[in-house]
Structures are given as C-alpha cells and as structure tokens.
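User: I haven't looked at this one before. Can you walk me through it?
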Amino acid sequence: MPRHLIIGNGTAGFSAIQAILEYDSDGEITVISLEHHLPYSRVLLTHYIGGHVSKDNLYMTGESFFKQKKVNLLLGAAAVNIDPEQKRVELDNGRVLSYEKLLVATGGKPVIPQHLQKESPDIMGLRTIEDASYIRQKSLSGAKIVIVGGGSLAIELACALREGGNFPEMVVSSSHVLSRVADDEAAAVIQEQIQSYGIRIWTGEDVTEVVHTSKGVEGVVLSGGQEISCQVVVICKGVQPNREFLDRVLPTIRGGIKVDSNMRTDIPDVYAAGDVVEAYELSRQEFCVSAIWPHAIAQGRIAGMNMTGQDVMYEGSLSRNALEIFGLPVISMGITRVPAKRDWDLDVNQDKSSYCKLVYHDAKLVGAVLVGKVEKAGKLQAAIRKAAGIETVLN
Amino acid sequence: MGSGVIKKIVNVIPEACTGCRQCELICSFEQGGSYSPRLSRIRLVKFEDKCLSVPVTCTYCERPICEEVCPVGAMTHDPVTGAAKVNEESCRGCKECANACPLGAIDMHPEKGTAMRCDLCGGDPACVKYCPAGALKYEPPHHSVKEKRRSRVVALNLD
Amino acid sequence: MLSIKVDTVKCDGCSLCQLACSFAHMVLNTETGGQQKFPELPDPLLWVKVCEGEVQIDICRHCENPPCADACVAGAFKVDMERGIVEIDQQKCVGCWSCVMECPFGAIRICSHSDKECTLQSRAFKCDGCSMWDKPLCASFCPTGAVQIARNNNGAAAIQRRERAALLQKGLSLGAARYVNREIKHRA
Ligand SMILES: Cc1cc2nc3c(=O)[nH]c(=O)nc-3n(C[C@H](O)[C@H](O)[C@H](O)COP(=O)(O)OP(=O)(O)OC[C@H]3O[C@@H](n4cnc5c(N)ncnc54)[C@H](O)[C@@H]3O)c2cc1C
C-alpha cells in the first residue's frame, strides 16, 4: 500500500515530494500526473517563448531524481475520482491506487469564456509546455497573435513575443492593464512602457467573437465593433482550479479547495496545495485562490511535512506579483486599491523614474505598489506580514 | 510586546554548577529527541582555568530583542503562558536573533537551520529537574536577587 | 553557514564596507602588468544608505532556509553548505524579480546597467560571502564593528555567551550582567 500519494507533478507536488523525503526518507511516494513531463517551471514558459531559456532548462529536476529517491512516477495518468472511505483514487486508465495520505496538487487550467470556446487549436490558453511550444512556433512563423486579458501573464506573454520579434495586440476589458494588482497611476506608466515597444493595447474592450473559417482563425471582433485580423488568440483571463475529480466527494465547493492552516481539506487524510486551493490571505483576511509560485512551494512543503506526521502551520498567503516589462520592474503586494473610507491611508512617492505607493489600514501597512525602483520590496513584504501576524496573535 | 505573563524563569547559580552538562543533555533529548548538546536550548560556558561553569539560557526579557529583530515574525510567545515559540515554518535561519540576543541564548538548529529558544518545557523545565547540583532553579526572577541580598547580608554580619 | 551580524547602532554610515566589497570583487587585468588605468569598480554586493540620521545596511544574511531560493522560478539559487553561503547561478537567472520581492533584508538587486553590453544585464546579484578571500572584506574593513561576520554558524552566539558568563563570574547578577553587556556593546 503506497503511503503517500500525490496527484499533480507541478510546483506544489514537487515541493511536497522533497519535504516528504526530508522527513520520512523511507516513506513510499507515488506521484501521478496528467502531463507527460517531469516537473517543470511554468513561469519560465514565457521566457522560453521569448527565446531566453531553452526547453531543457525548463525542468526542475531530471528523471534520475525519481529513480534515486525511489519515487514512483506515473506520467500521463489522470485521477478521475477519489473514494475517501476506502482511501482509494481511481485513474482514467482504470487503475485504482490506495493511499494513507493523499495530496491534491493539481493546479489550475486557463479560463476560456464560453462564447470563445471553439474547436480550434488556435484559440488557446497558456499553461503547459505544449501550449508554449505552439505559441513559439506560431510566433516564429510570423503569425499575428491577439492576447485577451491584461493580467501579469498577458503582459509577460506580450513582452516575450515582442522580444522574439512578434508584435501582438492586447485586448483588455478594464480601463487599463493589471487592473487587479496595480492602481491607475502605476498602470498608466506600465501601459505606456508596453505601448512604447509597439504593442497595441485595446482597453475597455472585450472579444465578442472569434472569426473562424475552415482555414482556421482569421480574426476577432471586439465589443466596440472593430475587427482585428489574427491567426492565434491566446486567452489569459486567469486560472480555474482542477478539481472536477473531487466533485463527487466535495460537491458544494465553488472556487478552490478550502484548506485549514495545516493544508488539510475537509476529507480526512487528504491534503491540498498550490493553485488548486483556497488558503487564508493575510492582507484581505479571507480565504481565496492565490495562484503564484512561492505559495505553491510553501504550501507544498507544509502539506508534505504534515503528511509525514509533523505539525507545521501555514502562516497564510500574501498575494503579490513581480514582473519586468522591457527593463521596467513592477512589484505589487497586498491590497493596492484603497476603499474611500476613513481608516485607510495612502503614501505616494513619484519621480521621473519610479513610483511607489504604500497603503495603510488602521495605521498598519497592508499593501504596496512599486514601479521602477523596487529594492525595498522585500522589506515591505516583511513589514506587511509582520503587521498582519501581530494582529492574528491579538485576535 | 514583552512576555509579561511569565511568572517563573530558569535562574542560574553558577557557583553551584559542577559543569556536568546534564542540563544540555536532557534539554536536547526533551526538545530534539537525541542526546546532543548542539540541540540544547541551555548551553554551558566553561572556564577551565577558574574551575567555573556557567549555564546560559533564555532569561525571558520583557522586551525580547529576538522577537523585535526577526524579519519574518517567527519568534513569538504564547499570549497566555508567555512561553517562547519559534515558528519553524516561517523561520528562515537568517540568524538575526542569534546575533541580537545579548546572552547568546539562541542557537541555530544544526540540521533544520531554524532558531532554538528555551520554551521552559511548557512550565516544567527538564534541565531544572535533572540538575544534580541544584544550580538551576525554576522560580520567579526576583528570587535570585533576594538570595543574593541575603548572602551579602550574611557575609557582612560575619565580617 | 555564514553568520552575519549587522548592528546599525554602531554604524557611522562611512560606507567603507560598500567600497571594500567593490574592491573585493574587482578583477585586475594582470596582462598589462598593472600598468593600465585604474579599472572601473564593479558594483558592490551590499548597500549602505543613510536616511534621516538612520543607517541601513542591506546585506545578505545567508539564511539556512532562504526565501529567495523558494521563490526562484529558475532554480538559480543554491545553498552551499560547504562554503556556508547562499549562492546564485547567474547563468540560470531570468531576472523575474521574485527573489527581490522576497528578501526581507533587501539584499538582492538586479543588474540594470546603462551599459547594454554587460553580460549580466537583468540578472540578480547578491553577497557571495567573499569566498575567494580568507575573510569577508566588508567586516574586515568596518572601523566600528557594525558588520561582523563569523564563518561558523553559532560563532556569534557562542561569543556572546562567553562574554556574559565572564561577567557573571565577576559576581554580577544575571540582570546586571545583561545590562553591562549591552552597555559595553553600545559603547564599543
Ligand atoms: C505562463 C505562466 C507564467 C507564470 N508566471 C508566474 C510568475 O511570474 N510568478 C508567479 O509567482 N507565478 C507565476 N505563474 C504561476 C505558477 O506557475 C503557479 O502558481 C504554480 O506553478 C502552481 O503550481 P501547482 O503545483 O499548484 O500547479 P501546476 O504546476 O499546474 O501542477 C499541477 C499538475 O497537476 C497535474 N494534474 C492536473 N489535473 C490532474 C488530474 N486530474 N490527475 C492527475 N494530474 C493532474 C497537471 O498535469 C500538472 O502537472 C505562472 C504560470 C504560468 C502558466
């Protein structure tokens, strides 16, 4: 009977494997993964598209790691159901695996709005190596690419394509890019930087239709009526957790899988970590999905340690984001938009080359946006965490 | 942010210490599961030439500097009992606390790399229980001072 | 791992450490027999900033479980137990700023020279523990003892213990020992 079963071989899954090996070196570990790949860094995918990183360098480890540490690796197999009573997981190839402790680290998949879902390889999201290879190949062959969305992934992709010599266009539904993480002023600076490199941004527009003929995608129609001709549409509208196989056991959940501070789910002996979970967010003080790399690493490790019988707590996520736009660094963390209420306060410092906004609530630092000069970011993050931590101690 | 609620600490009477290292051993066993002074929260400093040994451990400052300097808030104490707690997951092993503690009462775990600080064994310190020489006392902080006053007065009277 | 003690109370803000750091990482061109013009100083790997009478020294503490390494998406960070340092492999770094965002000491920067030829453009850099010198030069050059570096982990704690125990031995009470100890430190 395998003792530890891990569904998902991504960032969180791999981090958990390392933690389990550290604390329970003779524990038996089995990992199943939908993708036919060793764990790789998704964040590097855009750098791969831009041509800065080779395909081989995307991987976090080699096959020898799994052989050496005697970790059973089942690639290309998907979990379709779990049976918490019998402690078993059913796979799509008919196999059934039993577990003592189970970790769900299945990550997420790109959200594709209903009206854009068409049977075409050229309407896609960006999540896997295959997606990235496809986009890279299209970009190199000079295809026109439209990016739908204005989040950090959309921007990173646009920058990468531009560095590879392609000029994509972006369609952003809000009034400016990065509407979720940056404030208007910072977004204006960022938008200018992107446009100065020849990338066209359509703000306040949605793609209402993809023009799709037998030859493939020919263009998109925007809500304002304009048509952009293009051959590929990449949709970067966020991710949704991969938790369909849990629908029978946890039918009521909406977003991600809710976990407690030990990364346990509501099902006994089942843990979850990474993009698939809803964990406690420190600045907003609520449970939410916070799909970034450092959280996947930390949550994976904590889940792994707790699976081996340790008792460690996750102190909570702090949503944050770092990206570089053609040499302009941007870091944002915590709460960046200030509600017009009394006990909220702002501190803005702006000069020619940089922008810095600090957000206070009840005289405590709860968020920051830095553009241009970002050296302070780490210290600010520590301050935000400390302020939040002290409060939870008092409560 | 002082511990405030701490009623008793481990008081050290260096004159009584025989240097047997029993406290280090039992502490490492209680806290770390093995007999290895490197895992101990109480450490002995020996002055061989003077035949003197001094056990050093956390004295529970009212304004714990270790908690102040920790950049990630990993050094905390229980709000109810006042007992020190190191959050091992957040502790990054930056050694700021070890460097800041004026007593040298904080060491880093040799394997985990996290900070180690005396937590008074949840109110029943093993080092005190096992000290064969009575050099460690679990008592209110001012007791040692009282003892000191007493011994001074006694010394005066004898003169 | 290196144990780095930064005491800004003692720091005068002279920035000698920063200069020493640059010098420590200077590669002298020996081919010209030292006859060349004074070479350009490389960027330092630690930063001193004086702001409204407060001094900040941003230097890597070589954490045992470094948050920068956890955040690195390219696997560029490595904890080198033998040399006792957290190391960065600049060939792997993609300049995503994640580590900058995580370091609570502000000790990582990203190279953004105006010089576009620079091969390390957009790569992160940080203190390398002066592994080519027998002692980290910042600490050696610090005139006030604001930066102290011990190559073994518990060096600092052990020294402090010994100092205090010596005071105890002189007959001072626990509290007094602590007070005197602090006093000595601040005066020194
Ligand atoms: C292009 C891109 C750029 C990004 N850039 C950044 C960035 O700059 N900064 C940042 O912090 N974060 C970034 N992220 C997010 C970051 O990569 C993720 O937060 C992180 O990888 C999540 O890890 P995970 O382990 O939760 O999920 P994943 O890494 O997605 O792993 C999930 C694994 O589970 C497998 N799986 C799914 N369903 C099943 C099933 N039913 N059965 C078996 N296996 C299954 C999948 O095949 C996959 O291997 C980026 C993501 C992408 C895609």
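Analyst: We can go through the nonpolar cores and then the contacts between chains, bearing in mind that this is a predicted model.

User: Which residues touch the most other members in the largest nonpolar core?
Analyst: They are Ile135(A), Ile147(A), Ile155(A), Leu157(A), Met170(A), Val234(A) and Ile325(A), in a core of 104 residues.

User: And which helix gives the most to that core?
Analyst: Helix α5 of chain A, residues 152-163, which supplies 7 residues.

User: What is Met170(A) in contact with, leaving aside its neighbours within four places in sequence?
Analyst: Its contacts include Ile147(A), Ala154(A), Ile155(A) and Ala158(A). Also among them are the two glycines Gly149(A) and Gly150(A), as well as Ile194(A) and Trp202(A).

User: How many residues are in the other core?
Analyst: That core has 51 residues and lies apart from the largest one. Phe66(A), Leu246(A), Met263(A) and Val276(A) are among its residues.

User: Switching to chain contacts. How much area is buried between chain A and chain B?
Analyst: About 780 Å², with carbon and sulfur atoms giving 49% of that. Chain A puts 8 residues into the contact and chain B puts in 11 residues.

User: Which residues form the salt bridge there?
Analyst: Arg301(A) pairs with Glu89(B), and their closest N and O atoms are 2.9 Å apart. The count between these two chains is 1 salt bridge, and 4 residue pairs are in polar contact across the interface.

User: Which elements of chain A give two or more residues to that side?
Analyst: Those are α7 (293-307) and α8 (377-394) of chain A. The most comes from α7(A), with 3 residues. By class, this side of chain A has 5 nonpolar and 3 charged residues, and no polar ones.

User: OK, now chain B and chain C. What is the buried area there?
Analyst: It is about 3000 Å², and carbon and sulfur atoms account for 53%. The contact draws 37 residues from chain B and 35 residues from chain C.

User: How many salt bridges between chain B and chain C?
Analyst: The count is 3 salt bridges. One salt bridge joins Glu64(C) to Lys95(B), with the closest N and O atoms 3.3 Å apart. In addition, 13 residue pairs are in polar contact across this interface.

User: Which elements of chain B give two or more residues to the side touching chain C?
Analyst: The strands are β1 (9-12), β2 (43-47), β3 (52-56) and β6 (107-108), and the helix is α3 (96-100).

User: And how do the residues on that side divide by class?
Analyst: On the side of chain B that touches chain C, 21 are nonpolar, 7 polar and 9 charged.

Key
Residues numbered from 1 in each chain as written. Chains lettered and ligands numbered in written order. Predicted model: local features only at pLDDT ≥ 70, side-chain atom pairs only at ≥ 80, totals over all residues. Heavy atoms only, no water. Core = buried A, V, L, I, M, F, W, Y, C linked by side-chain atoms within 4.5 Å. Buried < 20%, exposed > 50% of the residue type's maximum accessible area, 1.4 Å probe, protein only. Helix = DSSP H or I, 4+ residues; strand = E, 2+ residues; numbered from the N terminus. Contact = heavy atoms within 4.5 Å. Buried area = accessible area lost by both parts, 1.4 Å probe. Salt bridge = Lys/Arg side-chain N within 4 Å of Asp/Glu carboxyl O. Polar contact = N/O pair within 3.5 Å; in protein donor to acceptor, adjacent residues only side chain to side chain. Nonpolar A, V, L, I, M, F, W, Y, C, P; charged D, E, K, R; others polar.
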